[in-house]
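Trainee: Could you take one part of this model and walk me through it slowly? I'd like to hear how you'd read it, residue by residue where that helps.

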Amino acid sequence: MTGVLITFNLASFAALVYVFYQGFHAGVSVPMKNHIIMALIATGLCVFSHAMTMMYFAAIGRMIRQAVEKGSLNPDAVIRTKKYRSIVFRLATLAMLLVMAQTILGGGAHTKVFPAWVHEIQGIVTLLVSAFAVY
């Protein structure tokens, strides 16, 4: 299961990087339609992969806690697992929110509700947070 989650996370990040690259060529060498469709796909994949990672950490944490209680083992493993889960949940949630906001605000940049540079800067921030969350 871990391999599947890693694969989905890497694929979602690669899709985000590709959409970011497309954004600088949208309307010139890449049709805007392709950028929008790929952004929706990358957003869905990113949200799915981070949500699955969060659920995986929740399930594994519960299994570790049950094993420690059942086997009367050292509770340090449970404490460390809660710490890791807390970090993963915060980063994954932030990455999901940024990716969704980037997609929604991309529509605003496309319709010229606000300048495109806002969409570009948020794209950079989204990529950095997503890279850290995947790591």
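Mentor: Let's start with Lys112, which sits in the loop between helix 3 and helix 4. Keep in mind that this is a predicted model. The backbone at Lys112 has a positive phi, near 65°, and this residue is something other than glycine. Is Lys112 buried or exposed? Lys112 is exposed, with a relative accessible area of 69%; the cut-off for that word is over 50%.

Now for a positive phi in a glycine, go to Gly27, which follows helix 1 and has a phi near 85°. That brings us to helix 1 itself, and I'd like to stay there for a while.

Helix 1 covers residues 2–25, which makes 24 residues. From its first C-alpha to its last it reaches 35 Å, close to the 34 Å expected at 1.5 Å a residue. Which of its residues are buried? They are Leu5, Asn9, Ser12, Ala15, Leu16, Val19 and Gln22. If the spacing of such a list looks familiar, here's the background: an α-helix has 3.6 residues a turn, so residues three or four places apart point the same way. As for what covers the buried residues of helix 1, the cover includes helix 2 (32–71), helix 3 (76–110) and helix 4 (116–134).

Next, the rings. The structure holds three aromatic pairs, and I'll go through two that involve helix 1. One of them is Phe8 with Phe48, an edge-to-face pair with 5.3 Å centre to centre and 70° between the planes. Phe8 belongs to helix 1 and Phe48 to helix 2, so this pair ties together parts that are 40 residues apart in sequence. Both rings keep some surface: Phe8 is partly exposed at a relative accessible area of 33%, and Phe48 is partly exposed too, at 41%.

Another pair is Phe20 with Phe24, also edge-to-face, with 5.1 Å centre to centre and 80° between the planes. Here the partners are both in helix 1, four residues apart, which means about one helical turn separates Phe20 from Phe24. Phe20 has a relative accessible area of 25% and is partly exposed; that is because buried would need a value under 20%. Phe24 counts as partly exposed as well, at 46% relative accessibility.

So, back to helix 1 as a whole: Phe8 links it to Phe48 in helix 2, Phe20 and Phe24 pair up within it, and Gly27 with its positive phi comes after it.

Key:
Residues are numbered from 1 along each chain as its sequence is written. This is a predicted model: local features need pLDDT of at least 70, side-chain atom pairs count only at pLDDT 80 or more; totals for chains, interfaces and linings use all residues. Side-chain values use heavy atoms; hydrogens and water are left out. Helices (H or I, at least four residues) and strands (E, at least two) are DSSP runs, numbered from the N terminus. The expected span of a helix is 1.5 Å times one less than its number of residues. Buried means under 20% relative accessible area, exposed over 50%, partly exposed in between (1.4 Å probe, protein chains only). Contact means heavy atoms within 4.5 Å. Rings of Phe, Tyr and Trp (its six-membered ring) pair if their centres lie within 6.5 Å; planes under 30 degrees apart count as stacked, over 60 as edge-to-face and the rest as tilted.
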